[in-house]
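Colleague: I've got the model open and I keep running into labels such as "buried" and "edge-to-face". Can you walk me through where they come from?

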Amino acid sequence: SGWVETTLGEVTAVNPGRLNGVSPDEVIRYVDISSVSWDGGIDVRSVAAMPFGQAPGRARRPINEKDVVVSTVRPRLRAMGQVPPSLAWQVASTGLCVLRSHDPQVILPDYVWQVVRHQPFTDWLVERETGSNYPAVRSSDIEAYRFLLPPIEDQRRIVDLMSHVDSLRTAISEEAARVFAALCAFRDSIWNVPQRVPLSQYCRVDGGLVDPTGEGQRDRPHVGTDRIVSGTGDLIGVQSASEDGVTSGKFEFSERHVVYSKIRPNLMKVAMPTFSGLCSADAYPLLSAPGVPRRWLQQLLLTTEFTTLAVSQSGRTKMPKINQSALMGLMVPDIADEAREEQAVVLDALDALRVGLGEELDALDRQRAAMLGSLLTGHHEIPCSYDKSVSYTHLRAHETVLDL
């Protein structure tokens, strides 16, 4: 009851006004597309400060707290965010469409933010993008987006519930960042010994090239260097050799190998697959020596110090690459067997915790998307009793502060 169909253009001001009376020498914060991440808001730390007269573009769009900005370039990347208090009355790039609630008694600014984060909004824009090199949409396309608008009380409940979900996501994300920082610090500490030995003492390049189009090879998993995540070694989007359409020779690997990308070693791409398959000839399948834990070897190759050494031995300028003899000759820490085992246990635990938090985030994102879709379409209604629950929670929080 009370839900109506409307458009963003009917309930928000799109690209409202310009900043007038600002001196060209006055320093302002300028938000451009590079400061807006995928569905993650505005990274305030990356927002540049500059004299107003130097801000790019003639139409310097003013932004205020709670405004929503949406990139009109490459909409499928979902670059969007809500303006935080620290950026109130600053300016945004003309590549960002600014949405401001006409009347907070009709539509809450926070509800506008939830509407644009709903996947159908992105789908709507993608269907209307034009251009091949830089696909983009017009502000009028954003204005024309139709959605269901509930009464203000329902909006408040939806916004409050989703804000709690987002707070949980932020907490998990921050914990994941701390765990990854701890993992990086611990693996870099491996180098805190003066003695050095060549990498060849710990591993060797193993396996020969095979034809990926041959019988029994076409359906095997194929790991290209583009499927290895920098810094973590996670594998994403792995397909079969036939699905990737590869025809040149590839290396074989198994769950006993570490796959090291020899192209652009500065990218730190070192995978530890849990399956057998084929990898790009731009990578080396490394087999650990007896007594060298595979996890320890992978994390050693991901350290900052090792990466610096590998880059220093890379040939070429356009496509740096380290050859096999140079790689095996890199001098690395001389660690005793027992110490390697102990370090591997800690590295395994930290990496498992990192992966677990990542999976938790992925699951929460899926649940959040489903919940948001159900709430914005009215398929699920938050009952009025939710208001009492929220009031009680706020009251108890206030009492706890007083007690402290």
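Modeller: Sure, let's begin with Ala-92, which is found in strand β10 (residues 90–92). Bear in mind that this is a predicted model: local features need pLDDT of at least 70 and side-chain atom pairs count only at pLDDT 80 or more, while totals for chains, interfaces and linings use all residues. Residues are numbered from 1 along each chain as its sequence is written, and side-chain values use heavy atoms, with hydrogens and water left out.

Colleague: What makes something a strand or a helix here?

Modeller: Both are DSSP runs, numbered from the N terminus: helices are H or I with at least four residues, strands are E with at least two. By that count the protein has 11 helices and 23 strands.

Colleague: Why is Ala-92 called buried?

Modeller: Buried means under 20% relative accessible area, exposed means over 50%, and partly exposed is in between (1.4 Å probe, protein chains only). Ala-92 has a relative accessible area of 1%, so it is buried. In the whole protein, buried residues make up 46% of the 404 residues.

Colleague: And what makes Thr-213 partly exposed?

Modeller: Its relative accessibility is 36%, so Thr-213 counts as partly exposed. You'll find Thr-213 in the loop between β15 (209–210) and β16 (221–223).

Colleague: How do you know that helix α2 is mostly covered?

Modeller: Helix α2 covers residues 109–117, and 7 of its 9 residues are buried. Among them are Tyr-111, Trp-113 and Arg-117.

Colleague: On to the rings. How many aromatic pairs are there?

Modeller: The structure holds 6. One of them is Phe-121 with Tyr-145, which is edge-to-face, at 5.2 Å centre to centre with 80 degrees between the planes. This pair links distant parts of the chain: Phe-121 sits in helix α3 (residues 119–128) and Tyr-145 in the loop between α4 (139–143) and β12 (146–149), 24 residues apart.

Colleague: Why is that one called edge-to-face?

Modeller: Rings of Phe, Tyr and Trp (its six-membered ring) pair if their centres lie within 6.5 Å; planes under 30 degrees apart count as stacked, over 60 as edge-to-face and the rest as tilted. Set 5.2 Å and 80 degrees against those limits, and Phe-121 and Tyr-145 come out as an edge-to-face pair.

Colleague: Are Phe-121 and Tyr-145 buried or exposed?

Modeller: Phe-121 is at 0% relative accessibility, so it counts as buried. Tyr-145, at 7%, counts as buried too. Next comes Tyr-260 with Phe-306, also edge-to-face, at 6.1 Å centre to centre and 85 degrees between the planes. That pair joins strand β19 (residues 257–261), home of Tyr-260, to helix α8 (residues 304–312), home of Phe-306, 46 residues apart.

Colleague: Which residues form the aromatic cluster with Trp-124?

Modeller: Phe-121, Tyr-145 and Phe-147 form one cluster with Trp-124.

Colleague: How do you know that the charged end of Arg-128 sits over the ring of Trp-124?

Modeller: The rule wants NZ of Lys or CZ of Arg within 6 Å of the ring centre and within 35 degrees of the ring normal. The charged end of Arg-128 is 3.2 Å from the centre of the Trp-124 ring. Arg-340 sits over Trp-296 as well, at 5.8 Å.

Colleague: Why are α5 and α10 called roughly antiparallel?

Modeller: Helix α5 (residues 152–188) and helix α10 (residues 337–376) pack at an angle of about 165 degrees, with their axes 9 Å apart. Axes are lines fitted to C-alpha atoms, for helices over the stretch in contact, and angles run from 0 to 180 degrees between N-to-C directions. Under 35 degrees counts as roughly parallel, over 145 as roughly antiparallel, 65 to 115 as roughly perpendicular and the rest as oblique. Therefore α5 and α10 are roughly antiparallel to each other.

Colleague: And what makes α2 and α5 roughly perpendicular?

Modeller: Their angle is about 65 degrees, again with the axes 9 Å apart. By the same cut-offs, α2 and α5 are therefore roughly perpendicular to each other.

Colleague: One last thing: what is odd about phi of Arg-78?

Modeller: Most residues other than glycine have a negative phi. Phi of Arg-78 is near 55 degrees, a positive value in a residue other than glycine. Asn-15 has a positive phi too, near 50 degrees.
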